[in-house]
Amino acid sequence: PAEVLALYEVDTGGDFPPIPDKPQDSQYGGMLGADNAVPSFLLWGDSHADSASPGVDVTARKLGKRGYFLGRNSCAPSYIDVEIAKDACNASNRAIVQWLKKHPEIKTVLLVGRWSAYDVSYSKKYPHGGAESPTLLRDTLGTLIEGLQKDGKRIVFMMDPPHAPVFTLPLYVARAKYYNTPLDLKYDLSRYAEQEAGLNAALADLKKRYEF
């Protein structure tokens, strides 16, 4: 049925006009928001930024704003190379940082990522040894925020929303509709609080030193 097909074909991300000088190492690249406005912001992040991009696009259009979208899957925005990151991730971030320095019209940078996943992975391996370091994500974010502020950017940090309790939500909803079975999308928010605890501690410390 058409309704089931429509549910099944829901996808994340969107098709946006290309950025004329998109950094080669950036997996994502597109123009967001009002077509005739002067670009003033950058959405920078991973696949969660890709998922958020249609909403950012709609909101920017409502506000008469225009901006850029750059980033890479499974790659936290960073001003420095991180050893646990893939080479493609570090190359992407380096390219975006250099690109950003060439675009003074960008006044606001919106950072979006699956931060809780990086909190866990960054805690497992420290770049200068092998010991666990729960401060690595905090220190990496601190370097990022400090660098952006030195470059005169206003920073907006988007927290990760609770994750759906199923992996492929469109497929799950389409199947439920097709077989007329109840949707079970209950989510225990205590899990979310536990998931975000490390990040919240890092952000609380960073808020003492930086404005974002």
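What follows is a walk through the sheet, the helices packed on it, a pocket and one buried residue. The model is predicted, so local features are described only where pLDDT is at least 70 and side-chain atom pairs count only at pLDDT 80 or more, while totals for chains, interfaces and linings use all residues. Residues are numbered from 1 along each chain as its sequence is written, and side-chain values use heavy atoms, with hydrogens and water left out.

The central element here is an open sheet of five strands in the order S1-S3-S2-S4-S5, with mixed pairing; strands are DSSP runs of E of at least two residues, helices are runs of H or I of at least four, both numbered from the N terminus, and two strands pair if DSSP finds at least two bridges between them. Strand S1 (28–33) and strand S5 (154–158) stand at the edges with a single partner strand each, so one side of each is left without a neighbour in the sheet. On average, neighbouring strands of this sheet are turned by 20° against each other, direction ignored. Strand S4 (residues 108–112) pairs with S5 in the parallel sense over five bridges, and Leu110 has Val156 in S5 as its bridge partner.

Helix H2 (residues 47–63) lies across S1, S2 (39–45), S3 (66–71), S4 and S5, and runs at about 20° to S1; axes are lines fitted to C-alpha atoms, for helices over the stretch in contact, with angles from 0 to 180 degrees between N-to-C directions, and contact means heavy atoms within 4.5 Å. Helix H5 (residues 136–150) also packs on the sheet, where H5 touches S2, S4 and S5 and its direction makes about 150° with that of S5. In S5, Ile155 and Phe157 form a covered face, whereas Arg154, Val156 and Met158 form an uncovered one.

Val156 also belongs to the lining of the second largest pocket, together with residues including Ser40, Phe41, Thr108 and Leu110. Helix H2 gives the most to this lining, with four residues, and S2, H2 and S4 each supply at least two. By class, the lining has six nonpolar, three polar and one charged residues.

Away from the pocket lining, the last stop is Ala202, which is found in helix H7 (residues 189–207). Ala202 is buried, with a relative accessible area of 9%, where buried means under 20%, exposed over 50% and partly exposed in between, for a 1.4 Å probe and protein chains only. Ala202 and Gly13 are 189 residues apart in sequence and 28 Å apart in space, C-alpha to C-alpha.

Note on methods: On a 1 Å grid over the protein atoms alone, a cavity is a set of points where a 1.4 Å probe fits but cannot get out, and a pocket is an open set with protein on both sides within 12 Å along at least five of seven lines; lining residues have an atom within 4 Å of a point. Ala, Val, Leu, Ile, Met, Phe, Trp, Tyr, Cys and Pro count as nonpolar, Asp, Glu, Lys and Arg as charged, and the others, Gly among them, as polar.
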